[in-house]
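Good morning, colleagues. I should like to take a few minutes to go through one protein model, beginning with its overall dimensions and ending with individual side chains. Please have the display in view as I speak.

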Amino acid sequence: MTSSAGGRFVVAIDNGSQSTKVMIFDEHGNVHASAQQRLRPYDTSMADRVVHPGDDLWDSVAATCREALDAFGGDPAEIAGVGLCTIRFCRALLDHDGLLVEPVLSWMDARVSRPHVADDDRVARITTSSGYITGRLTGAYRDTVANYQGVWPIDVERRAWSLDDADYAATGMRRDQLAELVEPGELLGLVTRDASAATGLPEGLPVFATANDKAVEALGSGLVSDDEALLSLGTYIAAMTPGRSPVSTSNSYWVNFDSRPGGYLNESGGIRRGMWTVSWYRDLLTSEGGPAIDEGALEEGALDVPIGSGGLFAILDWLAPGDHPERRGAFLGFDGSQGRYHLYRAVLESIAFTMRVHLIAMEAALGRRCHEVIVSGGGSRSVLMLDILANVLDRPVRRTAVTDAAGLGAAICAFVGAGIHPDWDTAVRETVHVATRVEPDPEAVATYAPYAAKHAGLAHFTDPLFTWLNSGPTD
């Protein structure tokens, strides 16, 4: 691959919930090399604990960087920087040297929603997954402010550590345990000799801050207008739209940090194991030693299944929402006529039904309607998913050319940080390009409407059952 004008490349690290992806972009948003490695299964051997086993996050980053750089046809000396994006809501407990005291706590670990318990004298630093990986890459104890959601002593208005001692007491953390904070696009540090040997990244290469993975995904999707929403079809599915205030006025949405300095995003409720359910179903079909089946084959078969999936509904609480811990996943409506493709389509349709409820609730709270929806993440590669969403949401849906929007968002932060693009608007305009736009079909919209209404009311019937099941039924 020949180098772009000026040889201005950046490396984008997207350390997600299920895999680590590394891409090398030029300043026009073209991908010149990429690599991906699946993360190891979570360790759930202890109750309420979900951790990334061993040093899996760093190991995957190092291996994927090496693979991407090996595939890069340009001169590594022409790489201007690295954009680092990692999973949000994780917690890393480190010793004085910045190494793990125990495996990184996943966003699904019950402990990340509670104050830190100081029960191990080896813990000298408490940080996010991005703070940990930054340390491994650069040796600096520095982190993006935009990856601190949840139980942290953070002042969301000042975008800095709190000045109130009560916030540290409430979170169980001391100020001296916490990293120096920087805004997205600012320098985190330079790749060390040891990190260069592990990753293949050139020693001394600047590493730039991004935000949390959902916010970085919004940036890489080109979400800039109040008139639009982004639907992130990843492990966790949620809808986002630009915000102006760091504080929510409704329980229909919450406020997340944006990937632009000083910015915020409004984020809807979501599906905690969204596209994960698709992966689970695909793997289930081949778990008994049968022939492998991929999502392409499932999609092709599901195209012939009529709207409504033959009367099948899916309830997608494979991981229960925080406000309803009793809920479980389920399929309803079997009558013997459905097969594997009906089940697959039912999952996709139920994703659309569920997110329709969340999106409309957020819009009502904000007093505005998003007239177009951008779709990103692995699920956006499904043509069937785009068609279902356009018709269930009854508005145009578009997909960008780079479906790994978090990767492109990380690259944009590096482009701005390295001065390759002079500002955020220019960086987005030059790198984010629309690939597909799907208009709703009025006939399909009308057909879907009663299914969406019925799906919205299913919890009224199933919640009592799930509550009973979780109470340990005895009769």
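**Ring, charge and fold: a short tour**

Let me begin with a cation and a ring: the charged end of Arg91 sits over the ring of Trp152, 5.9 Å from its centre. The criterion here is that NZ of Lys or CZ of Arg lies within 6 Å of the ring centre and within 35 degrees of the ring normal. Arg159 is placed in this way too, its charged end sitting over the ring of Tyr264 at 5.3 Å from the centre.

A word on provenance. This is a predicted model, in which local features need pLDDT of at least 70 and side-chain atom pairs count only at pLDDT 80 or more, whereas totals for chains, interfaces and linings use all residues. Residues are numbered from 1 along each chain as its sequence is written, and side-chain values use heavy atoms, with hydrogens and water left out.

Now the overall fold. The protein has 13 helices and 21 strands; these are DSSP runs numbered from the N terminus, helices being H or I of at least four residues and strands E of at least two. The radius of gyration is 22 Å, close to the 23 Å that the globule rule gives for 475 residues, so the protein is as compact as a globular protein of that length. That radius is taken over C-alpha atoms, and the rule is 2.2 Å times the number of residues to the power 0.38. Along the principal axes, the C-alpha atoms fill a box of roughly 60 × 55 × 50 Å.

Of the 475 residues, 56% count as buried, where buried means under 20% relative accessible area, exposed over 50%, and partly exposed in between, with a 1.4 Å probe and protein chains only. Taking contacts (heavy atoms within 4.5 Å) between residues at least 6 apart in sequence, 69% join residues at least 24 apart.

I turn to the aromatic rings. Rings of Phe, Tyr and Trp (its six-membered ring) pair if their centres lie within 6.5 Å; planes under 30 degrees apart count as stacked, over 60 as edge-to-face and the rest as tilted. By this rule there are 12 aromatic pairs. One of them joins Trp318 and Phe331 edge-to-face, at 5.8 Å centre to centre and 75° between the planes. This pair links distant parts of the chain, 13 residues apart: Trp318 is in the loop between β17 (313-316) and β18 (329-332), and Phe331 is in strand β18. Trp318 counts as partly exposed because its relative accessibility is 21%. Ring pairs also link Trp280, Trp318, Phe331 and Phe334 into a cluster.

The loop between β17 and β18 also holds Asp317. Which side chain of opposite charge is nearest to Asp317? It is Arg327, 4.4 Å away, and Asp317 is buried yet has no salt bridge. For charge, Lys and Arg count as positive and Asp and Glu as negative, while His and the chain ends are not counted. A salt bridge requires a side-chain nitrogen of Lys or Arg within 4 Å of a carboxyl oxygen of Asp or Glu. Setting aside residues up to four places away in sequence, Asp317 touches Arg327, Arg328 and Gly329.

Where, then, does Arg327 find a salt-bridge partner? The partner is Asp463, at 2.9 Å from N to O. Asp463 lies in helix α13 (residues 458-470) and Arg327 in the loop between β17 and β18, so the bridge ties together parts 136 residues apart in sequence. Asp463 is buried, with a relative accessible area of 14%, and Arg327 is buried at 19%.

The structure holds 24 salt bridges. Another joins Glu372 to Arg398, with the closest N and O atoms 3.1 Å apart. Glu372 lies in strand β19 (residues 372-376) and Arg398 in strand β20 (residues 397-400), so this pair ties together parts 26 residues apart in sequence. Both Glu372 and Arg398 are buried. Salt bridges with shared partners join Glu228, Glu372, Arg398, Arg437 and Glu439 into one network. Arg122 and Asp120 form a further bridge, at 2.7 Å between the closest N and O atoms, and Asp120 is partly exposed at 24% relative accessibility.

I close with Asp425, in helix α11 (residues 424-431). Its relative accessibility is 47%, so Asp425 counts as partly exposed. The C-alpha atoms of Asp425 and Gly222 are separated by 9.4 Å, although these residues are 203 apart along the chain.
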